[in-house]
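Trainee: Could you take me slowly through one part of this structure, the open sheet, and then through whatever surrounds it? I would like a connected account rather than a list.

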Amino acid sequence: MKTKVLIIGAGPSGLLLSLLLKRKNISTIILEKQSSEYVANRIRAGILEPGTVKLLKKAGISNRVTKEGLKHNGFKVAHNNNIFDINLKYLANDCVTVYGQTEVTKDLMNKLTNENVKIIYNVPKINILNIEDKPLVEFDFNKTKESVRADFIVGCDGFHGISKSYIPNNIKKIYKKDYSFGWLGILSDTKPISDELIYINNKNGFALCSMRSKKRSRYYLQCEINENINNWSDDRFWDSLSKALPNDIKNNLQTGPSIEKSIAKLRSYVLEPMSYKKLFLAGDAAHIVPPTGAKGLNLALSDVDKLSSAFISFYEKNSELDLVNYSNVCLSRVWKTQRFSSWMTNIFHNVPKEDNFLKKLKHIEMENLLFSIHAKKILANNYLGKY
Ligand code: RFL
Ligand code: PHB
């Protein structure tokens, strides 16, 4: 097989990149480790920045997000039993859209199927050769050995992917932080407690009331780093969540059976540079942010926007400049997003064994945020993806 751009990973980054290139007749093949059902049903992000919605429009898949996405003009912060409004519209003149990553993925998959783009699922093992010059990718499929020659390889294979290992150790630099707590998440077909998201900081740390639709709720609780999911019955989850809620809204909580329950580890991670010779990394393959600021998917798709434009310049104008600059251009946004996500994670969570000086500073940081219009404006802009 032969293609212009070989993409590893059919998550949102890989799928969107393929679609943006298809619109300019640049051929791609996607190789994905998992089955299509697994990819389509993985529960993850829920909040789209306005720039991300615009990008989905540019890719020609905005019908459903425009109709079914919920536009939120703000969110709430609960601190010490009080509820504060962060009015995005008033503070920064824009809004976010609640639309699940599962739905973005399904929209992308349907469009690519209609456009006859080749996606090969269930590819367990990939080997990349000759990355410096004319790359060749070998893989096993249905017990036979296959190979694809490509002009470029793009690693969209998430944090646990293999593509980043092809950047030589003497070239790459890794910055990372693992947090000493996790998130326990639950999805349930119950009416959300509020018509806006509520980010909660109370004596037990962080909790989040989110949603996927007006009938489907997504809730998270800060949990121990090595928490065992089997210790969390639905009843225990609802009971702990109820204790985390401010008194004024406790009684509005609708409980019901969970349709998904999972634990996520929190980490910050950046790999520099995001490219090496004919290999480019995009999305979680190159960087991870803790989910507190709702940034991972948005950042991943912003990489893809830049990378697709760089490939288009290369094939249409014979210019390599944007490909050469790709890593630096992306990293500028990546680090601003890292700063915001880590700041938000820090002020909302209880850090085990944190000394009392840092605890006090955190408290003051939160109060400064909630009582300063300037601090709120910065939060609102950053939450919308404006830095
Ligand atoms: P993905 O989605 O991880 O997709 C990578 C794909 O690559 C495949 N793969 C391989 N394929 C072939 N060969 C290999 N060797 C491979 N290894 C892996 C995988 O199977 C997979 O299909 O990366 P991508 O496309 O870069 O997308 C990134 C986003 O998924 C991620 O950043 C977000 O989900 C993060 N995130 C959130 N982001 C937001 O913008 N807003 C949110 O509200 C938000 N909430 C969240 C989140 C992530 C969470 N978790 C699970 C950490 C909430 C949570 C709880
Ligand atoms: C979610 O709904 O999954 C979600 C929303 C906001 C966040 C993180 C996750 O900050």
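Mentor: What follows starts from the sheet and moves outward to its ligand, its cysteines, its loops and a second ligand site.

Please keep in mind throughout that this is a predicted model. The sheet is an open one of eight strands, in the order E6-E5-E13-E14-E15-E12-E16-E19, and its pairing is mixed. At its edges stand strand E6 (82-87) and strand E19 (287-288), each of which has a single partner strand, so one side of each is left without a neighbour in the sheet. Helix H10, residues 321-348, packs on the sheet, where it touches strand E5 (74-79), E12, strand E13 (198-202), strand E14 (205-211), E16 and E19. The direction of H10 makes about 130 degrees with that of E16.

Within this order, the run from E13 through E14 to E15 can be followed strand by strand. E13 and E14 are antiparallel and pair over five bridges, and a hairpin of two residues connects E13 to E14. Asn202 has Gly205 of E14 as its bridge partner. E14 then pairs with E15, again in the antiparallel sense and over five bridges, and here the hairpin that joins E14 to E15 passes through five residues. Met211 is bridged to Ser217 in E15. As for its surroundings, E14 is mostly covered, since seven of its seven residues are buried. In a regular strand the side chains alternate between the two faces of the sheet.

On the other side of this run, E15 (residues 217-224) is joined to strand E12 (residues 173-188) by eight bridges, and the two strands run antiparallel. One of these pairings brings us to a cysteine, for Gly182 has Cys223 in E15 as its bridge partner. Cys223 is buried, with a relative accessible area of 6%. Cys223 takes part in no disulfide, and the nearest cysteine sulfur, which belongs to Cys209, is 16 Å away. The search of the whole structure finds zero disulfides. Cys156 is likewise in no disulfide, the nearest cysteine sulfur being that of Cys330 at 11 Å, and Cys156 counts as buried at 6% relative accessibility.

Ligand 2 draws on residues of these strands. It is surrounded by 13 residues, of which the closest are Tyr199, Ser210, Arg212, Tyr220 and Thr292. A polar side-chain atom of Ser210 lies 2.6 Å from an oxygen atom of ligand 2, and an N or O atom in the side chain of Tyr220 is 2.6 Å from an oxygen atom of this ligand. The backbone contributes as well, with an N or O atom of Pro291 that lies 3.1 Å from an oxygen atom of ligand 2.

Several loops deserve a careful look at their backbone. Glu272 and Pro273 are joined by a cis peptide bond with an omega of about -10 degrees, and Pro273 has its place in the loop between strand E16 (258-272) and strand E17 (275-276). In the loop between E17 and strand E18 (279-281) lies Lys277, which has a positive phi of about 50 degrees although it is not a glycine. Lys143, also not a glycine, has a positive phi of about 65 degrees and is found in the loop between strand E10 (136-141) and strand E11 (144-155). At 87% relative accessibility, Lys143 counts as exposed.

Turning to ligand 1, we find 32 residues around it, the closest being Ser13, Glu32, Gln101, Asp284 and Leu297. A polar side-chain atom of Gln101 lies 2.7 Å from an oxygen atom of ligand 1, while for Arg44 a polar side-chain atom lies 2.9 Å from an oxygen atom of the ligand. In the side chain of Asn298, an N or O atom is 3.1 Å from an oxygen atom of ligand 1.

Helix H3 completes the account. Along H3 (residues 50-58), Pro50, Thr52, Val53, Leu55 and Leu56 are buried. Their cover includes helix H1 (12-22), strand E3 (47-48), helix H4 (63-68), strand E7 (96-98), helix H6 (101-114) and helix H9 (296-317). Just after H3, Gly60 takes a positive phi of about 80 degrees.

Definitions and conventions. Residues are numbered from 1 along each chain as its sequence is written. Chains are lettered from A and ligands numbered from 1 in the order in which they are written. This is a predicted model: local features need pLDDT of at least 70, side-chain atom pairs count only at pLDDT 80 or more; totals for chains, interfaces and linings use all residues. Side-chain values use heavy atoms; hydrogens and water are left out. A disulfide is a pair of cysteine sulfur atoms within 2.5 Å. Buried means under 20% relative accessible area, exposed over 50%, partly exposed in between (1.4 Å probe, protein chains only). Helices (H or I, at least four residues) and strands (E, at least two) are DSSP runs, numbered from the N terminus. Contact means heavy atoms within 4.5 Å. Two strands pair if DSSP finds at least two bridges between them. Axes are lines fitted to C-alpha atoms, for helices over the stretch in contact, and angles run from 0 to 180 degrees between N-to-C directions. A residue is near a molecule or strand if one of its heavy atoms lies within 4 Å of it. A polar contact is a pair of N or O atoms within 3.5 Å; within protein, one must be able to donate a hydrogen and the other to accept it, and residues adjacent in sequence count only if both atoms are side-chain atoms.
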